[in-house]
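Please open the model in your viewer and keep the selection panel at hand. The stops below follow one another as a guided tour.

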Amino acid sequence: MTTNEINTRVNEFESTIGSLTVNGKAHSLSAWFVLALRLMMGYAFAYSGFTKITAAEPFSATGYLTNAVPAESPLVGLFHWMGSTPWFADFLSIAVPWGELLIGLGLLVGALTRLAAFFGAFMMLMFYFGNWDIAHGFINGDFAYMLVFLAVAAFGAGRILGLDAVIEQYELDGEALVEKYPRLGYLLG
């Protein structure tokens, strides 16, 4: 096969939850789309975190938490508590920008991808409830981005031109790292 030919080998996947089994076949070009999703979300989060960290005024989560969350949000009370509890608001004012930057960098280089994608999905879930608007249904941009993060994690996007592929195969006592410590598979990939 030449380098100009497309590998038409089909990737198969299957999952069972309870008594329900789903399976499918992905086209070989799917790897490029998963890589694109990882890089897109990585750039978006790294940029967002970087601009918050380097802004002239320090980032503060307090105003958003106490004033911007719609009263209809099922978690409005939690957001108000977070914003009116000084130590927690201070923590979030550091955790949000640095979390965004670290999630973004992890995705961009493909290191600890599943861990980064999990925390990205968690942040998007919180943004979903914080920006609560179901005027057009329950699915909005925040919810969609949460699903993108989960897809990046599920498809092991860090193994596609990412450092996770190198980290997983790093040998420790003559054994690949993920073979020696299989639970690392939950963080890498």
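A residue is termed buried under 20% relative accessible area, exposed over 50%, and partly exposed in between. Select Arg159 to see this applied: with a relative accessible area of 37%, Arg159 is partly exposed.

Before proceeding, colour the model by confidence, since this is a predicted model. The mean pLDDT of the protein is 90, and 95% of its residues reach 70 or more. Confidence is lowest in strand S1 (residues 11–17), where the mean is 82, and highest in H4, where it is 97.

**First stop: the salt bridges**

Return to Arg159 and add Glu168 to the selection. Their side chains meet in a salt bridge, with 2.9 Å from N to O. In contrast to the partly exposed Arg159, Glu168 is buried, at a relative accessible area of 7%.

How many salt bridges are there in total? The count comes to three.

Next, select Lys52 and Glu100. These two form a salt bridge whose closest N and O atoms are 3.0 Å apart. Lys52 lies in helix H1 and Glu100 in helix H4, so the pair ties together parts that are 48 residues apart in sequence. Is each partner buried or exposed? Lys52 counts as partly exposed, at 23% relative accessibility, whereas Glu100, at 4%, counts as buried.

Then move to Lys180 and Asp173, whose side chains meet in a salt bridge at 3.3 Å, N to O. Lys180 is partly exposed, with a relative accessible area of 27%; Asp173 is exposed, with 69%.

**Second stop: helix H5**

Select residues 113–130 to display H5. The end C-alpha atoms of its 18 residues are 25 Å apart, which agrees with the 26 Å they should span at 1.5 Å a residue. Now show the side chains of its buried residues, among them Arg114, Met123, Met124, Met126, Tyr128 and Phe129. Small residues also belong to the buried set of H5, including Ala116, Ala117, Gly120 and Ala121.

What do the buried residues of H5 pack against? Display H1, helix H2 (62–68), helix H3 (76–84), H4, H6 and helix H7 (163–169): the buried residues of H5 pack against these helices.

**Third stop: helix H6**

Select residues 141–154. This is helix H6, with 14 residues, and the distance from its first C-alpha to its last is 20 Å, close to the 20 Å expected at 1.5 Å a residue. Within H6, highlight Asp142, Met146, Val148, Phe149, Val152 and Ala153, which are buried. These residues cover an arc of only 155° around the axis, which puts them on the same side of H6. Add helix H1 (30–53), helix H4 (86–109) and helix H5 (113–130) to the display; what covers the buried residues of H6 includes these helices.

Zoom in on the start of H6. There, a side-chain oxygen of Asn140 reaches to within 3.0 Å of the backbone nitrogen of Asp142. Gly141, which lies in helix H6, counts as partly exposed at 40% relative accessibility. To set Gly141 against a distant reference, select Ala95: the two residues are 46 apart in sequence and 22 Å apart in space, C-alpha to C-alpha.

Finally, go to the other end of the helix. H6 is followed by Gly156, and the phi of Gly156 is positive, near 60°.

Note on methods
Residues numbered from 1 in each chain as written. Predicted model: local features only at pLDDT ≥ 70, side-chain atom pairs only at ≥ 80, totals over all residues. Heavy atoms only, no water. Helix = DSSP H or I, 4+ residues; strand = E, 2+ residues; numbered from the N terminus. Expected span 1.5 Å × (residues − 1). Buried < 20%, exposed > 50% of the residue type's maximum accessible area, 1.4 Å probe, protein only. Arc of directions from axis to C-beta. Contact = heavy atoms within 4.5 Å. Polar contact = N/O pair within 3.5 Å; in protein donor to acceptor, adjacent residues only side chain to side chain. pLDDT = per-residue confidence, 0-100. Salt bridge = Lys/Arg side-chain N within 4 Å of Asp/Glu carboxyl O.
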